[in-house]
Each structure stands twice: as C-alpha cells, then as structure tokens.
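These are my notebook entries on a single chain. I set down what I looked up, entry by entry.

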Amino acid sequence: MTTSRTRVRGTLLAGGDGRLSHELLPGEKGPQDACGVFGVWAPGEEVAKLSYFGLYALQHRGQESAGIATSDGTKILVYKDMGLVSQVFNESSLNTLVGHLAVGHTRYSTTGSSSWQNAQPTLGRTAGGTVALGHNGNLTNTAELLQLVHSRHPELDGELARGNTTDTAVITALFAGDLDHTLEATALEVLPRLRGAFCLVFMDETTLYAARDPQGVRPLVLGRLERGWVVASETAALDIVGASFVREVEPGELIAIDENGLRSKRFAEERRAGCVFEYVYLARPDTTIAGRGVYEARVEMGRRLAHEHPVEADLVIPTPESGTPAAIGYAEASGIPYGQGLVKNAYVGRTFIQPSQTIRQRGIKLKLNPLREVIKGKRLIVVDDSIVRGNTQRALVAMLREAGAAEVHVRISSPPITWPCFYGIDFASRAELLATGLSVEEVRQTIGADSLGYLSEDGMIEATEQPRSSLCTACFTGVYPIPLPDAQLMGKNLLERAAPEPELAPVFGDPGRQE
C-alpha cells in the first residue's frame with residue numbers, strides 16, 4: 001500500500017495492509033455489526049494508547065479496519081489501515097500520535113466496500129481547521145444527503161473526491177463544507193437531517209464531540225477519567241481504560257468536551273428504538289445497555305427458552321462463545337447439567353490464509369472441535385443465539401452426530417430472523433435468511449436436528465427488561481421504526497453505483513412494516 005497524504009490540514013499516516021476473513025464456517029458469515037467508536041479528551045494522558053485499548057475492547061464490533069486520530073490542539077494526525085486493531089497499531093505508530101484528545105474507530109463495512117479508502121476516522125476541512133469523524137450505524141437517507149452535498153458544494157473535495165464510498169464520508173462532507181460556521185454550529189444544523197442509525201464520535205483540533213440518533217439504535221456511553229472524559233460504543237471499553245460510567249449519550253443529544261468542560265445540546269426529540277439484537281448477540285456480555293447487563297439478559301433468555309421448549313436430555317452445551325450465557329440459563333432452569341461439548345480455537349477464523357477446497361469442506365473444524373468423550377451416547381441440547389443461513393448449525397449437528405451424540409436438540413435464544421437490518425447489522429439478504437418462508441419444522445429438517453425451538457419474541461423482550469416500545473425488533477418482526485426509502489436508494493454499494501436521479505425528497509417503499 002502506498003502512503004497517502006490528505007489535502008486538509010490533518011496528516012494521514014499509513015501502515016501495513018492486510019485482508020481478513022472473519023468466517024466461522026467458510027462461506028457462512030454471521031451477523032456483523034457496523035463499527036465500534038471511541039473518543040477521549042484527557043490532557044496529560046496518552047490518548048492514543050487509551051484509544052488503542054478502547055478499540056481493542058470493541059474489536060468484536062468490526063474487524064476490517066481500524067484507525068485513530070489525535071490532536072495536540074494545533075494539528076490532527078490520523079493513522080488507519082486494514083486489519084485488526086492489534087495488526088494496525090504497534091508501539092511505534094502509537095507514539096507518533098501525540099495530543100490530548102483522540103477519536104478511534106474499528107470497522108465492519110455496511111455502506112461502502114471494505115477498502116483502505118473507506119477506513120475511518122474520516123477527515124475534512126472546516127471553518128476553523130479539521131474534523132476527524134468515526135461512525136457506528138447505518139444511514140437510510142444517504143442518497144438524499146449525497147445530493148445535498150452536491151447542491152451545497154459543487155466543487156467536491158475531501159474524502160468523497162478521494163474515493164471514499166461510505167455514508168460516513170457524506171456526513172463528513174456536510175460537517176466540513178460550511179466554512180462560515182463553527183463545527184458545532186454546522187453539526188447542529190446537519191444532525192437533524194440524518195436518518196437511520198448513527199453514533200458519531202468526532203473532533204476538531206480542540207474539542208471532542210459525540211452524537212447519537214434520536215432512536216438510540218446503537219449504544220453510546222459517556223465515562224469519566226481522573227483527568228478527562230471518554231465516549232465509547234460499550235461500557236466494556238470504559239472498563240478497560242479505567243473510566244467510570246457516567247451515563248448514556250442520550251438519543252438526539254450532541255455532547256461537546258473541551259477545556260471549559262462538558263456541554264450538551266439536543267438536536268432532536270428522543271424516540272427510543274434500541275436494537276434488541278445488541279442484547280441477543282452483538283454487544284460484549286460484560287457490557288451494560290440501558291441499565292441492563294447483557295450477560296444477565298442472555299442468561300435469562302436461556303431460562304425462558306427452557307420453559308418454552310423443554311426436552312428430555314442428558315447435557316446442555318453451548319455453541320461457543322455466543323451461546324454460552326443462554327446455555328447456562330437453560331441448564332439452570334431445566335435442571336439438566338451444563339457441559340462443554342465443543343472446543344473453540346480462538347486463534348483461527350480471522351486469517352490471511354484462504355483454505356483450499358478440501359479444507360473448506362471441513363471448514364468448521366478449523367474453529368470448533370467436539371469433545372467426543374463428553375458427548376458420545378448423550379442426548380444433547382445445543383444452545384445458540386440465532387440462525388442466519390443455517391449452514392453453521394447444519395455442520396454442527398452433523399459433527400456432533402459423527403462424534404457419537406445419541407440425539408441433538410437445537411435451541412435458539414431469539415426468534416427466527418426473517419428480515420434484513422438497515423440500521424447497521426449486515427445480515428444476509430431476506431432470500432438468504434433460512435427462516436424466511438420456512439416453518440420451524442422445515443428449518444429443523446434443514447439443519448438435521450432431532451428438535452428445534454426458538455425463544456418467543458415476548459420472552460426475548462422480557463429478558464432485556466426494556467419496554468417493548470423502546471426496542472427495535474425489525475429483524476424478527478419486519479416492523480421498521482425508522483422509515484426506509486426504496487431499494488434503489490439503499491444498499492452497501494450505494495455510493496459505488498451510479499448516482500440516483502437528483503431528487504432531494506426520498507421515495508419511501510415498504511420492505512416491511514414501518515412505524
């Protein structure tokens with residue numbers, strides 16, 4: 001990869017490149033979240049290293065690229081590249097990122113391809129200097145916003161001109177394009193125009209900002225250091241850097257932190273619709289969302305699953321690691337012993353080496369291997385968090401039978417996924433979702449299990465201890481709390497296709513039911 005220098009007042013540094021595969025079973029991709037974001041304002045602290053460890057705690061939210069921007073009050077430096085956080089950064093690169101405030105980002109692509117040009121933080125020129133921005137989520141009116149960029153700024157420059165094809169670059173262009181107002185004033189004018197899911201952490205040379213969409217689809221929290229402040233996608237990232245949890249960044253809120261302290265402004269009325277799948281799978285189990293511990297929510301899902309779908313068996317085992325808390329809850333409520341029937345190799349699955357076809361056919365054993373002496377002759381209950389395409393579950397059932405299991409009963413700690421997400425989770429298309437158009441019995445036959453049980457929607461929601469009205473359950477119900485435009489105005493590669501007709505008002509279709 002060649003070194004590239006930006007045309008704004010920030011400086012972009014380059015490291016070694018790398019392409020990742022995050023497949024569990026080759027060809028089978030699990031649900032992927034958009035990104036993790038982290039920001040810190042802390043004079044006297046090593047903010048680049050704090051950001052590194054914060055991003056390390058958020059690695060599960062994105063494994064394609066990572067980046068950190070820092071400022072010393074006069075200039076912004078950005079270092080970003082393809083790969084995991086530990087692959088992108090080393091001691092030397094972190095030592096070059098000096099300053100007292102920083103923003104960091106770890107990415108999984110939901111808008112725009114996985115490429116170096118699309119890595120974040122993004123940069124743009126502002127009235128007073130430079131903006132560096134990281135985004136978690138997915139906008140639904142990107143096409144409309146891009147037309148707004150073209151109408152306001154016909155002489156396109158910045159990230160979009162350099163080939164960035166993300167909705168984040170569009171936000172950055174709108175933030176950076178107004179050279180007559182401060183970044184904060186521009187943000188307060190632009191933020192109400194954004195639709196969809198967005199948690200933004202951004203900064204100029206002197207001030208750290210954080211903003212969250214009015215629905216609060218993705219989590220974003222505020223923490224306190226002895227000598228500063230931290231914002232992060234999850235509370236687990238606060239823990240790892242020694243910050244105490246203060247509160248959530250409220251839906252529809254813009255926070256600014258500088259030498260004068262913290263100030264808050266509201267840019268939109270709160271209409272909460274937090275993603276329920278954060279509780280099911282996406283967030284770390286040691287994270288707390290809206291006052292509810294994710295681990296305990298998952299254990300409770302397992303308990304409720306045991307009451308809803310009991311079966312006589314000898315052993316409850318999880319699909320590591322995502323099924324572990326729910327399996328513990330299932331075992332507790334059912335009285336059936338909990339065991340570890342599958343061993344996971346944590347160091348395989350995100351690799352630069354692509355397996356040959358022969359190895360590909362045996363692919364899942366690169367990640368999971370059965371403990372034959374534990375499962376031989378046993379009636380097993382295998383607990384997992386969700387079924388997307390079903391290939392992993394099919395391979396698991398076959399593997400367990402081959403290892404001598406007498407029966408294999410699959411239990412899923414969420415309802416069937418039948419609708420795609422447009423708010424920052426990269427599910428398969430609706431046609432690829434196994435449960436679309438199939439009954440539970442047909443899904444059971446497809447994966448080869450002796451029985452199959454899904455947790456009910458009510459059971460899942462009750463386990464989160466959140467009001468139904470404050471959750472987004474679109475991937476299970478098809479009810480989308482934020483209106484969606486027509487299909488041609490959405491999609492991961494929207495900005496890599498020909499631009500839509502120049503009409504600012506989006507045309508709304510009906511991919512599912514909308515509230």
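Which residue in strand 9 does Phe202 stand opposite? I looked this up in the model, which is predicted, and found Tyr209 opposite Phe202.

**Entry on the strand pair.** I then examined the two strands concerned. Strand 8 covers residues 196–203 and strand 9 covers residues 208–212. I noted 5 bridges between strand 8 and strand 9, with antiparallel pairing.

**Entry on the sheet.** I placed the pair in its wider setting. Strands 8 and 9 belong to an open sheet of 6 strands, ordered 6-7-8-9-13-14 and paired antiparallel. At the edges I found strand 6 (122–125) and strand 14 (261–266), each with pairing on one side only. From one strand to the next, the twist averages 20 degrees.

**Entry on the helix over the sheet.** I recorded that helix 7 (residues 183–190) lies across strand 7 (130–139), strand 8, strand 9, strand 13 (253–258) and strand 14. Helix 7 runs at about 170 degrees to strand 13.

**Entry on a helix pair.** I turned to helix 4 (residues 142–152) and helix 6 (residues 167–177), which pack at an angle of about 35 degrees with their axes 10 Å apart. Their crossing is left-handed. On the helix 4 side I listed Thr142, Leu145, Leu146, Leu148, Val149 and Arg152, which meet Asp167, Val170, Ala173 and Leu174 of helix 6. I sorted the residues of this contact into 7 nonpolar, 1 polar and 2 charged.

**Entry on the whole chain.** I closed with totals. The chain has 17 helices and 26 strands. Of its 515 residues, 60% count as buried. The chain exposes about 19700 Å², with 50% of it supplied by carbon and sulfur atoms.

Note on methods: Residues are numbered from 1 along each chain as its sequence is written. This is a predicted model: local features need pLDDT of at least 70, side-chain atom pairs count only at pLDDT 80 or more; totals for chains, interfaces and linings use all residues. Side-chain values use heavy atoms; hydrogens and water are left out. Axes are lines fitted to C-alpha atoms, for helices over the stretch in contact, and angles run from 0 to 180 degrees between N-to-C directions. Helices (H or I, at least four residues) and strands (E, at least two) are DSSP runs, numbered from the N terminus. A crossing is left-handed if the near helix is turned anticlockwise from the far one by less than a right angle, and right-handed if clockwise. Contact means heavy atoms within 4.5 Å. Ala, Val, Leu, Ile, Met, Phe, Trp, Tyr, Cys and Pro count as nonpolar, Asp, Glu, Lys and Arg as charged, and the others, Gly among them, as polar. Buried means under 20% relative accessible area, exposed over 50%, partly exposed in between (1.4 Å probe, protein chains only). Accessible areas come from the Shrake-Rupley method with a 1.4 Å probe; for residues, only the protein chains shown count as cover. Two strands pair if DSSP finds at least two bridges between them.
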